[in-house]
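Please find below my notes on the model you sent, set out as numbered points. They begin with the strand pairing and then turn to the packing and the overall make-up.

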Amino acid sequence: MKKIVVIGVVFLISLFILSACVSDKEESSKDESMHMDHTSSGEVPKGLKAAEHPTYKVGSKAIIETDHMKGMKDAEATIVGSYDTTAYVISYTPTTGGDRVENHKWVIQEEIKDAGDGTLEPGTEVTIEADHMKGMKGATAEIISAEKTTVYMIDYTPTNGGEEVKNHKWVTESELSPVK
């Protein structure tokens, strides 16, 4: 009887450890799929034109008022580029598998395959050419909303530590504020 109890306890402990490992792996996988490629080459999509009269000029500083990623909100940004375009909030399932990404900000007009010049309506199904996140390029996405705006490419150091992020794409004008 004592032997059966010991075997049962060992079995339960093994199940507990195994389930904890699987849970951690799933959580880690979810986190990895949600991380954006913080630093990019700085290349801009073909056809994207520099803004003629941006609020924040290239080389100037601004405060980031959004939290697309941890450590972004309240960080000081250096403006690397400014462009007038339409920015979209999209939802898509990564081409690499995993959970659907809901309400991703931002993909711009020039990063959508065959988008043309007109603003795309919410509900429109599109193919994404951007690769801001793993599994984004080539994904089929749904347009959630659109905003004609100036978008900015920025450099910043996360407020929660870590290396400087270079050429982050994109923040909109409303997501920045002047340095005080």
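**Notes on the predicted model**

1. In this predicted model, strand S2, which spans residues 76-92, is paired in the antiparallel sense with strand S5, residues 140-156, and 15 bridges join the two. Within this pairing, Asp 84 is found opposite Thr 150 of S5.

2. S5 also takes part in two further pairings that deserve a mention. Strand S4 (residues 125-127) pairs with S5 in the antiparallel sense over 3 bridges, with Thr 127 standing opposite Thr 140 of S5. Strand S6 (residues 165-172) likewise runs antiparallel to S5, to which it is joined by 5 bridges, and here Ile 154 has His 168 in S6 as its bridge partner.

3. Turning to the packing, the largest nonpolar core comprises 16 residues, and those with the most contacts inside it are Ile 90, Tyr 92, Ile 112, Ile 128 and Met 136. At least two residues of this core come from each of S2, strand S3 (101-108) and S5, while S2 provides the largest share, namely 3 residues. In soluble globular proteins, nonpolar side chains tend to be buried together.

4. Which residues does Ile 128 contact, once its neighbours within four places in sequence are left aside? The list consists of Ile 90, Val 107, Glu 111, Ile 112, Met 136, Lys 137, Gly 138, Ala 139 and Ala 141. A second core, separate from the one just described, has 14 residues, including Met 72, Ala 77, Ile 79 and Tyr 156.

5. Pro 54 merits a separate comment, being located in the loop between helix H1 (2-34) and strand S1 (61-64). Is Pro 54 buried or exposed? Pro 54 counts as buried because its relative accessibility is 10%, where the cut-off for burial is under 20%. Not counting residues up to four places away in sequence, Pro 54 touches Ser 82, Thr 150 and Tyr 152. The C-alpha atom of Pro 54 is separated by 8.4 Å from that of Asp 84, although the two residues are 30 apart along the chain.

6. As to the overall make-up, the protein has 1 helix and 7 strands, and its elements follow the order α-β-β-β-β-β-β-β from the N terminus on. Of the 180 residues, 37% are buried. Among contacts with a separation of 6 or more, 61% are between residues 24 or more positions apart. The accessible surface amounts to about 10800 Å², and carbon and sulfur atoms account for 54% of that surface.

Methods. Residues numbered from 1 in each chain as written. Predicted model: local features only at pLDDT ≥ 70, side-chain atom pairs only at ≥ 80, totals over all residues. Heavy atoms only, no water. Pairing = 2+ DSSP bridges. Helix = DSSP H or I, 4+ residues; strand = E, 2+ residues; numbered from the N terminus. Core = buried A, V, L, I, M, F, W, Y, C linked by side-chain atoms within 4.5 Å. Buried < 20%, exposed > 50% of the residue type's maximum accessible area, 1.4 Å probe, protein only. Contact = heavy atoms within 4.5 Å. Areas by Shrake-Rupley, 256 points an atom, 1.4 Å probe, with all protein chains shown as cover.
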